[in-house]
Amino acid sequence: MEKKTQKSFLKETIKHIDIKKHNVVKLVDDMKYMAYTSRDLNRAANIYDMMLKDKDCTIFLCIAGSLISAGMKQIVVDMIQNNMVDAIVSNGANMIDQDFFEALGYKHYKGDPYYADDNLLRDLHIDRIYDTYINEDELKVCDETVKKIADSLEPRPYSSREFLYEMGKWLEKNKKGKDSILYNAYKKGVPVFVPAFSDCSAGFGFVMHQTERPTNHMSLDSAKDFLELTKIKIAAKQSGIMMFSGGVPKNFVQDTVVAAESLGKDVPMHKYAVQITVADVRDGALSSSTLREASSWGKVSTALEQMVYSEVTLAAPLIIAYGYHKKNWKNRKPKNYEQFLINEDKKVASLKKSSKK
(Lines give C-alpha, C1' and ligand atoms only; values in the text may rest on other atoms or scores of the structure.)
Protein backbone atom coordinates (compact mmCIF):
# COMPACT_ATOMS: atom_id res chain seq x y z
CA MET A 1 0.00 0.00 0.00
CA GLU A 2 1.25 3.47 -0.94
CA LYS A 3 2.44 5.45 2.05
CA LYS A 4 0.33 8.58 2.58
CA THR A 5 2.15 11.92 2.75
CA GLN A 6 1.03 15.55 3.01
CA LYS A 7 1.09 15.78 -0.77
CA SER A 8 -1.35 12.86 -0.97
CA PHE A 9 -4.02 15.08 0.60
CA LEU A 10 -3.03 18.65 -0.28
CA LYS A 11 -3.82 18.54 -3.99
CA GLU A 12 -6.80 20.55 -5.14
CA THR A 13 -7.00 24.10 -3.80
CA ILE A 14 -10.10 25.99 -2.71
CA LYS A 15 -10.95 28.68 -5.24
CA HIS A 16 -12.64 31.92 -4.19
CA ILE A 17 -15.89 32.63 -6.00
CA ASP A 18 -15.94 35.77 -8.15
CA ILE A 19 -19.37 37.43 -7.98
CA LYS A 20 -18.40 39.83 -10.77
CA LYS A 21 -18.71 36.92 -13.22
CA HIS A 22 -22.27 35.98 -12.18
CA ASN A 23 -25.14 38.40 -12.77
CA VAL A 24 -27.81 36.88 -10.54
CA VAL A 25 -30.22 39.84 -10.53
CA LYS A 26 -32.97 38.15 -12.58
CA LEU A 27 -32.64 34.91 -10.60
CA VAL A 28 -32.92 36.68 -7.23
CA ASP A 29 -35.74 38.93 -8.48
CA ASP A 30 -37.73 35.85 -9.50
CA MET A 31 -37.29 34.39 -6.00
CA LYS A 32 -39.71 37.09 -4.81
CA TYR A 33 -42.53 34.94 -6.16
CA MET A 34 -41.35 31.74 -4.50
CA ALA A 35 -41.66 30.79 -0.81
CA TYR A 36 -39.64 29.86 2.29
CA THR A 37 -35.96 30.81 2.25
CA SER A 38 -36.02 31.88 -1.41
CA ARG A 39 -38.41 34.72 -0.65
CA ASP A 40 -36.43 35.63 2.47
CA LEU A 41 -33.25 35.74 0.40
CA ASN A 42 -34.89 38.03 -2.16
CA ARG A 43 -35.92 40.45 0.57
CA ALA A 44 -32.47 40.32 2.14
CA ALA A 45 -30.84 41.12 -1.21
CA ASN A 46 -33.16 44.07 -1.67
CA ILE A 47 -32.42 45.36 1.84
CA TYR A 48 -28.69 45.18 1.11
CA ASP A 49 -29.30 47.07 -2.14
CA MET A 50 -31.17 49.71 -0.10
CA MET A 51 -28.07 50.09 2.08
CA LEU A 52 -26.02 50.70 -1.06
CA LYS A 53 -28.53 53.24 -2.39
CA ASP A 54 -28.63 55.16 0.90
CA LYS A 55 -25.72 57.60 0.72
CA ASP A 56 -26.04 58.30 4.45
CA CYS A 57 -25.77 54.62 5.39
CA THR A 58 -22.62 53.23 6.95
CA ILE A 59 -22.42 49.52 6.17
CA PHE A 60 -20.94 47.12 8.72
CA LEU A 61 -19.99 43.60 7.63
CA CYS A 62 -19.86 40.93 10.36
CA ILE A 63 -18.03 37.68 9.64
CA ALA A 64 -18.01 34.62 11.88
CA GLY A 65 -17.44 30.91 11.39
CA SER A 66 -14.82 29.67 8.92
CA LEU A 67 -15.65 31.39 5.63
CA ILE A 68 -12.46 32.63 4.00
CA SER A 69 -11.14 29.07 3.92
CA ALA A 70 -14.41 28.12 2.23
CA GLY A 71 -13.94 30.36 -0.81
CA MET A 72 -15.49 33.66 0.36
CA LYS A 73 -12.38 35.89 0.29
CA GLN A 74 -12.96 37.47 -3.12
CA ILE A 75 -16.51 38.46 -2.18
CA VAL A 76 -15.25 40.52 0.77
CA VAL A 77 -12.42 41.99 -1.32
CA ASP A 78 -14.93 43.03 -3.99
CA MET A 79 -17.07 44.67 -1.32
CA ILE A 80 -14.06 46.65 -0.08
CA GLN A 81 -12.81 47.67 -3.52
CA ASN A 82 -16.25 48.83 -4.68
CA ASN A 83 -17.30 50.80 -1.56
CA MET A 84 -19.91 48.18 -0.63
CA VAL A 85 -18.75 48.04 3.01
CA ASP A 86 -17.38 50.67 5.39
CA ALA A 87 -16.21 48.66 8.43
CA ILE A 88 -15.64 44.97 9.10
CA VAL A 89 -15.96 43.04 12.36
CA SER A 90 -14.75 39.45 12.25
CA ASN A 91 -13.63 36.55 14.34
CA GLY A 92 -9.90 35.88 14.35
CA ALA A 93 -9.86 32.73 12.25
CA ASN A 94 -11.18 34.40 9.09
CA MET A 95 -8.72 37.30 9.22
CA ILE A 96 -5.56 35.59 10.50
CA ASP A 97 -5.64 31.80 10.06
CA GLN A 98 -7.25 32.17 6.64
CA ASP A 99 -6.93 35.59 4.96
CA PHE A 100 -3.49 36.57 6.28
CA PHE A 101 -2.40 32.94 5.91
CA GLU A 102 -3.23 33.05 2.19
CA ALA A 103 -1.64 36.50 1.90
CA LEU A 104 1.64 34.82 2.89
CA GLY A 105 1.28 32.64 -0.21
CA TYR A 106 -0.34 29.55 1.30
CA LYS A 107 -3.56 27.80 0.27
CA HIS A 108 -6.53 25.88 1.60
CA TYR A 109 -7.29 22.52 0.03
CA LYS A 110 -10.38 20.48 -0.70
CA GLY A 111 -10.80 17.71 1.85
CA ASP A 112 -13.18 14.90 2.74
CA PRO A 113 -15.57 15.33 5.69
CA TYR A 114 -16.93 11.78 5.52
CA TYR A 115 -13.99 9.41 5.19
CA ALA A 116 -11.11 11.48 6.54
CA ASP A 117 -8.76 9.62 8.89
CA ASP A 118 -8.26 12.46 11.38
CA ASN A 119 -5.59 10.56 13.31
CA LEU A 120 -3.57 10.17 10.10
CA LEU A 121 -4.13 13.83 9.23
CA ARG A 122 -2.81 14.78 12.66
CA ASP A 123 0.33 12.69 12.10
CA LEU A 124 0.86 14.44 8.74
CA HIS A 125 0.37 17.94 10.24
CA ILE A 126 -2.84 18.53 8.30
CA ASP A 127 -5.68 20.35 10.07
CA ARG A 128 -9.25 19.76 8.88
CA ILE A 129 -12.00 22.39 8.70
CA TYR A 130 -15.00 20.19 7.77
CA ASP A 131 -14.26 19.53 4.06
CA THR A 132 -11.15 21.74 3.87
CA TYR A 133 -7.53 20.98 4.70
CA ILE A 134 -4.79 23.35 5.86
CA ASN A 135 -1.08 22.67 6.30
CA GLU A 136 -0.26 23.08 10.01
CA ASP A 137 3.43 23.70 9.33
CA GLU A 138 2.50 26.67 7.14
CA LEU A 139 0.04 27.87 9.79
CA LYS A 140 2.93 28.00 12.27
CA VAL A 141 4.71 30.39 9.90
CA CYS A 142 1.60 32.58 10.10
CA ASP A 143 1.84 32.52 13.92
CA GLU A 144 5.52 33.45 13.79
CA THR A 145 4.81 36.32 11.39
CA VAL A 146 2.20 37.72 13.76
CA LYS A 147 4.85 37.58 16.48
CA LYS A 148 7.37 39.44 14.28
CA ILE A 149 4.86 42.21 13.62
CA ALA A 150 4.06 42.43 17.35
CA ASP A 151 7.80 42.54 18.15
CA SER A 152 8.24 45.51 15.81
CA LEU A 153 5.61 47.70 17.50
CA GLU A 154 5.81 50.13 20.38
CA PRO A 155 4.92 48.26 23.60
CA ARG A 156 1.47 49.59 24.53
CA PRO A 157 -2.19 48.54 24.33
CA TYR A 158 -3.63 48.43 20.80
CA SER A 159 -7.14 48.00 19.53
CA SER A 160 -7.43 45.05 17.15
CA ARG A 161 -8.13 47.61 14.41
CA GLU A 162 -4.75 49.24 15.03
CA PHE A 163 -2.92 45.92 14.93
CA LEU A 164 -4.70 44.74 11.77
CA TYR A 165 -3.80 48.06 10.16
CA GLU A 166 -0.16 47.27 10.95
CA MET A 167 -0.61 43.84 9.38
CA GLY A 168 -1.93 45.47 6.22
CA LYS A 169 1.05 47.84 6.25
CA TRP A 170 3.39 44.84 6.68
CA LEU A 171 1.82 43.15 3.64
CA GLU A 172 2.36 46.26 1.53
CA LYS A 173 5.95 46.67 2.71
CA ASN A 174 6.72 43.01 1.94
CA LYS A 175 4.79 43.05 -1.36
CA LYS A 176 2.42 40.29 -0.34
CA GLY A 177 -1.31 39.60 -0.32
CA LYS A 178 -2.64 42.09 -2.86
CA ASP A 179 -5.69 39.82 -3.20
CA SER A 180 -6.24 39.68 0.57
CA ILE A 181 -8.91 41.32 2.72
CA LEU A 182 -6.40 42.89 5.13
CA TYR A 183 -4.31 44.42 2.35
CA ASN A 184 -7.31 45.86 0.52
CA ALA A 185 -8.91 47.13 3.73
CA TYR A 186 -5.61 48.87 4.59
CA LYS A 187 -5.44 50.48 1.13
CA LYS A 188 -9.10 51.59 1.10
CA GLY A 189 -9.32 52.87 4.68
CA VAL A 190 -11.84 50.23 5.78
CA PRO A 191 -11.19 49.43 9.47
CA VAL A 192 -11.20 45.75 10.43
CA PHE A 193 -11.95 44.71 14.01
CA VAL A 194 -11.39 41.32 15.66
CA PRO A 195 -12.71 41.72 19.23
CA ALA A 196 -11.74 38.17 20.30
CA PHE A 197 -8.33 38.34 18.64
CA SER A 198 -6.44 35.77 20.71
CA ASP A 199 -9.06 33.11 19.92
CA CYS A 200 -7.27 32.16 16.70
CA SER A 201 -3.82 31.40 15.35
CA ALA A 202 -2.72 34.97 16.18
CA GLY A 203 -3.10 34.06 19.85
CA PHE A 204 -0.06 31.80 19.59
CA GLY A 205 1.96 34.66 18.12
CA PHE A 206 0.95 36.92 20.98
CA VAL A 207 1.76 34.24 23.56
CA MET A 208 5.29 33.94 22.12
CA HIS A 209 5.65 37.74 21.92
CA GLN A 210 4.61 38.35 25.53
CA THR A 211 6.63 35.40 26.89
CA GLU A 212 9.82 36.76 25.35
CA ARG A 213 9.02 40.31 26.53
CA PRO A 214 7.24 39.88 29.89
CA THR A 215 7.69 43.51 30.95
CA ASN A 216 7.91 45.26 27.58
CA HIS A 217 5.26 43.98 25.20
CA MET A 218 2.24 45.13 23.22
CA SER A 219 -1.24 44.00 24.21
CA LEU A 220 -4.77 44.12 22.83
CA ASP A 221 -7.50 46.35 24.23
CA SER A 222 -10.97 44.99 23.38
CA ALA A 223 -12.62 47.90 25.22
CA LYS A 224 -10.95 50.24 22.72
CA ASP A 225 -12.39 48.09 19.93
CA PHE A 226 -15.85 48.71 21.33
CA LEU A 227 -15.20 52.43 21.76
CA GLU A 228 -13.87 52.80 18.20
CA LEU A 229 -16.84 50.94 16.75
CA THR A 230 -19.16 53.14 18.80
CA LYS A 231 -17.42 56.26 17.49
CA ILE A 232 -18.14 55.06 13.95
CA LYS A 233 -21.80 54.53 14.83
CA ILE A 234 -22.01 58.01 16.35
CA ALA A 235 -20.39 59.55 13.27
CA ALA A 236 -22.74 57.69 10.90
CA LYS A 237 -26.08 59.26 9.99
CA GLN A 238 -27.63 55.86 9.32
CA SER A 239 -26.26 52.33 9.52
CA GLY A 240 -26.86 48.87 8.16
CA ILE A 241 -25.44 45.47 9.11
CA MET A 242 -24.72 42.54 6.82
CA MET A 243 -24.03 39.49 8.98
CA PHE A 244 -22.34 36.35 7.71
CA SER A 245 -23.21 34.00 10.63
CA GLY A 246 -23.44 35.46 14.16
CA GLY A 247 -21.32 35.27 17.29
CA VAL A 248 -19.20 38.03 18.80
CA PRO A 249 -19.03 40.19 15.62
CA LYS A 250 -22.82 40.35 15.44
CA ASN A 251 -23.21 41.42 19.06
CA PHE A 252 -20.38 43.96 18.99
CA VAL A 253 -21.90 45.90 16.10
CA GLN A 254 -25.46 45.72 17.40
CA ASP A 255 -24.33 46.93 20.83
CA THR A 256 -22.86 50.16 19.45
CA VAL A 257 -26.32 51.76 19.64
CA VAL A 258 -26.60 51.06 23.37
CA ALA A 259 -22.96 52.09 23.93
CA ALA A 260 -23.57 55.41 22.18
CA GLU A 261 -26.59 56.03 24.39
CA SER A 262 -24.47 55.30 27.48
CA LEU A 263 -22.18 58.11 26.29
CA GLY A 264 -25.15 60.48 26.11
CA LYS A 265 -25.40 60.38 22.31
CA ASP A 266 -28.78 60.18 20.64
CA VAL A 267 -28.24 57.77 17.76
CA PRO A 268 -30.79 55.86 15.69
CA MET A 269 -31.04 52.07 15.79
CA HIS A 270 -29.41 50.25 12.91
CA LYS A 271 -31.85 51.00 10.10
CA TYR A 272 -31.04 47.97 7.95
CA ALA A 273 -30.01 44.47 9.06
CA VAL A 274 -29.54 41.11 7.34
CA GLN A 275 -28.29 37.95 9.02
CA ILE A 276 -27.46 34.72 7.22
CA THR A 277 -27.31 31.84 9.68
CA VAL A 278 -28.13 28.20 10.29
CA ALA A 279 -28.37 28.76 14.04
CA ASP A 280 -31.70 27.73 15.52
CA VAL A 281 -33.47 29.98 18.03
CA ARG A 282 -34.06 26.86 20.14
CA ASP A 283 -30.30 26.86 20.85
CA GLY A 284 -30.86 29.86 23.09
CA ALA A 285 -27.61 31.32 21.79
CA LEU A 286 -26.50 34.76 20.59
CA SER A 287 -25.94 33.57 17.02
CA SER A 288 -29.54 32.38 16.83
CA SER A 289 -31.22 35.40 18.40
CA THR A 290 -33.46 37.09 15.83
CA LEU A 291 -33.06 40.65 14.62
CA ARG A 292 -36.55 41.40 15.92
CA GLU A 293 -35.37 40.32 19.36
CA ALA A 294 -32.53 42.84 19.01
CA SER A 295 -35.15 45.56 18.56
CA SER A 296 -36.36 45.00 22.13
CA TRP A 297 -32.87 46.08 23.20
CA GLY A 298 -33.05 49.19 21.04
CA LYS A 299 -30.38 47.92 18.64
CA VAL A 300 -32.09 47.14 15.32
CA SER A 301 -35.16 48.63 13.67
CA THR A 302 -37.81 46.08 12.69
CA ALA A 303 -38.77 47.91 9.49
CA LEU A 304 -35.93 46.65 7.26
CA GLU A 305 -34.50 43.49 8.83
CA GLN A 306 -34.33 39.98 7.45
CA MET A 307 -33.14 36.65 8.79
CA VAL A 308 -32.02 34.19 6.08
CA TYR A 309 -31.79 30.65 7.42
CA SER A 310 -29.16 29.26 5.11
CA GLU A 311 -25.51 28.24 5.15
CA VAL A 312 -23.49 31.37 4.34
CA THR A 313 -21.57 30.06 1.31
CA LEU A 314 -24.93 29.38 -0.40
CA ALA A 315 -26.77 32.60 0.36
CA ALA A 316 -24.10 35.31 0.63
CA PRO A 317 -22.80 35.02 -2.97
CA LEU A 318 -26.36 35.55 -4.25
CA ILE A 319 -27.11 38.49 -1.95
CA ILE A 320 -23.81 40.32 -2.45
CA ALA A 321 -23.74 39.60 -6.20
CA TYR A 322 -27.25 41.04 -6.43
CA GLY A 323 -26.02 44.26 -4.81
CA TYR A 324 -22.96 44.32 -7.05
CA HIS A 325 -24.83 43.86 -10.33
CA LYS A 326 -27.58 46.35 -9.40
CA LYS A 327 -24.66 48.85 -9.41
CA ASN A 328 -25.98 51.26 -6.80
CA TRP A 329 -22.54 51.10 -5.15
CA LYS A 330 -21.27 53.29 -7.99
CA ASN A 331 -22.86 56.32 -6.32
CA ARG A 332 -21.25 55.63 -2.93
CA LYS A 333 -18.11 57.41 -1.81
CA PRO A 334 -15.51 55.81 0.47
CA LYS A 335 -16.02 56.86 4.09
CA ASN A 336 -12.45 56.05 5.16
CA TYR A 337 -13.25 55.36 8.80
CA GLU A 338 -9.68 54.16 9.24
CA GLN A 339 -8.43 57.73 8.86
CA PHE A 340 -11.31 58.97 11.00
CA LEU A 341 -10.15 56.72 13.86
CA ILE A 342 -6.50 57.64 13.36
CA ASN A 343 -7.52 61.29 13.71
CA GLU A 344 -9.50 60.43 16.85
CA ASP A 345 -6.36 58.84 18.34
CA LYS A 346 -4.40 62.00 17.56
CA LYS A 347 -6.98 64.05 19.46
CA VAL A 348 -6.64 61.76 22.49
CA ALA A 349 -2.83 61.95 22.30
CA SER A 350 -3.05 65.75 22.17
CA LEU A 351 -5.29 65.82 25.24
CA LYS A 352 -2.85 63.59 27.15
CA LYS A 353 0.02 65.87 26.18
CA SER A 354 -1.88 68.97 27.30
CA SER A 355 -2.82 67.43 30.65
CA LYS A 356 0.85 66.77 31.47
CA LYS A 357 1.79 70.43 31.09
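The turns below cover the cavities and pockets of this predicted model.

User: What kind of model is this, and which pLDDT cut-offs apply?
Analyst: Residues are numbered from 1 along each chain as its sequence is written, and side-chain values use heavy atoms, with hydrogens and water left out. The model is predicted: totals for chains, interfaces and linings use all residues, side-chain atom pairs count only at pLDDT 80 or more, and local features need pLDDT of at least 70.

User: How many cavities of 30 Å³ or more are there?
Analyst: A cavity is a set of points on a 1 Å grid, over the protein atoms alone, where a 1.4 Å probe fits but cannot get out. Volume is the space filled by probe spheres set on the points, with grid points joined across faces, edges and corners. The count is 2.

User: Which residues lie nearest the centre of the largest cavity?
Analyst: This cavity holds about 70 Å³ of space. Lining residues have an atom within 4 Å of a point. There are 13 of them here, and those nearest the centre are Val85, Asp86, Val190, Pro334 and Lys335.

User: Which helices each supply at least two residues of the lining of the second largest cavity?
Analyst: The volume is about 50 Å³. Its lining includes Arg161, Leu164, Leu182 and Ala185. Helices are DSSP runs (H or I, at least four residues), numbered from the N terminus. The suppliers are helix 8 (160–173) and helix 9 (181–188).

User: How does the lining of the second largest cavity divide by class?
Analyst: Ala, Val, Leu, Ile, Met, Phe, Trp, Tyr, Cys and Pro count as nonpolar; Asp, Glu, Lys and Arg as charged; the others, Gly among them, as polar. Arg161 and Glu338 are in this lining. The division is 8 nonpolar, no polar and 2 charged.

User: Which element gives the largest share of the lining of the largest pocket?
Analyst: A pocket is an open set of points with protein on both sides within 12 Å along at least five of seven lines. The largest has a volume of about 420 Å³. Of its 16 lining residues, Arg156, Lys224, Asp345, Val348 and Lys352 are closest to its centre. Helix 11 (222–235) and helix 16 (337–356) each give two or more residues, and the largest share, 8 residues, comes from helix 16.

User: How many charged residues line the largest pocket?
Analyst: Its lining has 5 nonpolar residues and no polar ones. The charged count is 11.

User: How many polar residues line the second largest pocket?
Analyst: This pocket has a volume of about 300 Å³. Its 13 lining residues include Ile14, Ser69, Ala70, Asp131 and Thr132, nearest its centre. With 4 nonpolar and 4 charged residues, the polar count is 5.
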